[in-house]
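The exercises below concern charged side chains and helix packing, and each is followed by a solution worked in steps. Please keep the sequence and the model in view while going through them.

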Amino acid sequence: MSIVSASDACKVYKIAVRHPPSMVRRTKVEAAATRDALLDAALRAFRERGVAHTSLEEVAVAAGVTRGAVYWHFKDKADLFTALCQRVQLPMESMLAVAGETRQQDPLDTLRTLAIECLTRLAADPQTQAVFDVIFHKCEFAAGMASVAERQNTACDGCLVNVERLLKQAVARHQLPRDTDTWLAARCMNAYMVGVMHEWVLRPDAYDLERAAPRMIDMFLAGLREEPPRRPARAARTTRLRRPRGRGRTTSAPGPND
């Protein structure tokens, strides 16, 4: 058993007095509130002026904090923008990852549910709409934002992997043909989803996305069931010809059962 000296006990007491638990909790809450205020201010500024034309100082002013507070929470503009994207992307990515790594009784229905939820959330949540508007239309992936583009690509690749896992489960459960090209099917679905979101965020008054989402996803999945992309068949084995010792007559080489 260790013995705490009087001097050590005194140090612990002084630290506890200077930083009581209630103060630590209040500091954490205040820090989280400041971070959220910065993200909200950045979202407004990025949507209004674009990412490239917004400085961190402008974000700080809009949030009512010092520029130092921005750097306390975020390394640079790319880090700030990444945190902004993660606000809306991480929940869906997490659900998709869990679904892809779990054996599903009805993989295509699980994929349907997740896809509909993604579109209905976009339609119902103004913050999600604003973030996707910035991602699609207000972000210039210039040299300083190269790390952001790389992170976005990595996140997209992760989603594609989990979508393909669900499609492979669908093949295993005979919901899709055995020769379905799940790699290509996953990318087709991703292109469809991104296209719908990109177009709707640009013109949200064009139609009611929340109401239309189930029918839009059902249309895609119906086409996938009816005519999925197929893996190319193996090239037919060519028959080798050999010239026998007889006159000019050729015969095929003997097969394994000859």
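**Exercise 1.** Does Asp36 count as buried, partly exposed or exposed, and at what relative accessibility?

*Solution.* The model is a predicted one, and the answer rests on the cut-offs, under 20% for buried and over 50% for exposed. Asp36 has a relative accessibility of 38%, and therefore counts as partly exposed.

**Exercise 2.** Identify the residue with which Asp36 forms a salt bridge, and place both partners in the chain.

*Solution.* The partner is Arg87, and the closest N and O atoms of the two residues are 3.7 Å apart. This pair links distant parts of the chain, with Arg87 in helix H5 (residues 77-101) and Asp36 in helix H2 (residues 21-49), 51 residues apart. Arg87, at 22% relative accessibility, also counts as partly exposed.

**Exercise 3.** Work out how the salt bridge between Asp218 and Arg112 relates to the helices, and classify the exposure of each partner.

*Solution.* The two side chains meet at 2.5 Å, taken from N to O. Asp218 belongs to helix H10 (residues 209-226) and Arg112 to helix H6 (residues 107-124), so that, at 106 residues apart, the pair links distant parts of the chain. As for exposure, Asp218 is partly exposed at 31% relative accessibility, and Arg112 is partly exposed with a relative accessible area of 25%.

**Exercise 4.** Explain how Lys168 and Glu164 are placed along their helix, and then name the residues that shared salt-bridge partners join into one network.

*Solution.* Lys168 and Glu164 form a salt bridge whose closest N and O atoms are 4.0 Å apart. Because these residues lie four residues apart in helix H8 (residues 146-172), about one helical turn separates them. Glu164 counts as buried, at 13% relative accessibility. The network formed through shared partners consists of Asp36, Asp40 and Arg87, and the count of salt bridges comes to nine.

**Exercise 5.** Describe the packing of H6 against helix H7 (residues 126-137).

*Solution.* The axes of the two helices are 5 Å apart, and the packing angle is about 100°. Since angles of 65 to 115 degrees count as roughly perpendicular, H6 is roughly perpendicular to H7. On the H6 side the contact is made by Arg121, Leu122, Ala123 and Ala124, and on the H7 side by Pro126, Thr128, Gln129 and Phe132. Sorted by class, this contact has five nonpolar, two polar and one charged residues.

Terms used
Residues are numbered from 1 along each chain as its sequence is written. This is a predicted model: local features need pLDDT of at least 70, side-chain atom pairs count only at pLDDT 80 or more; totals for chains, interfaces and linings use all residues. Side-chain values use heavy atoms; hydrogens and water are left out. Buried means under 20% relative accessible area, exposed over 50%, partly exposed in between (1.4 Å probe, protein chains only). Axes are lines fitted to C-alpha atoms, for helices over the stretch in contact, and angles run from 0 to 180 degrees between N-to-C directions. Angles under 35 degrees count as roughly parallel, over 145 as roughly antiparallel, 65 to 115 as roughly perpendicular and the rest as oblique. Contact means heavy atoms within 4.5 Å. Ala, Val, Leu, Ile, Met, Phe, Trp, Tyr, Cys and Pro count as nonpolar, Asp, Glu, Lys and Arg as charged, and the others, Gly among them, as polar.
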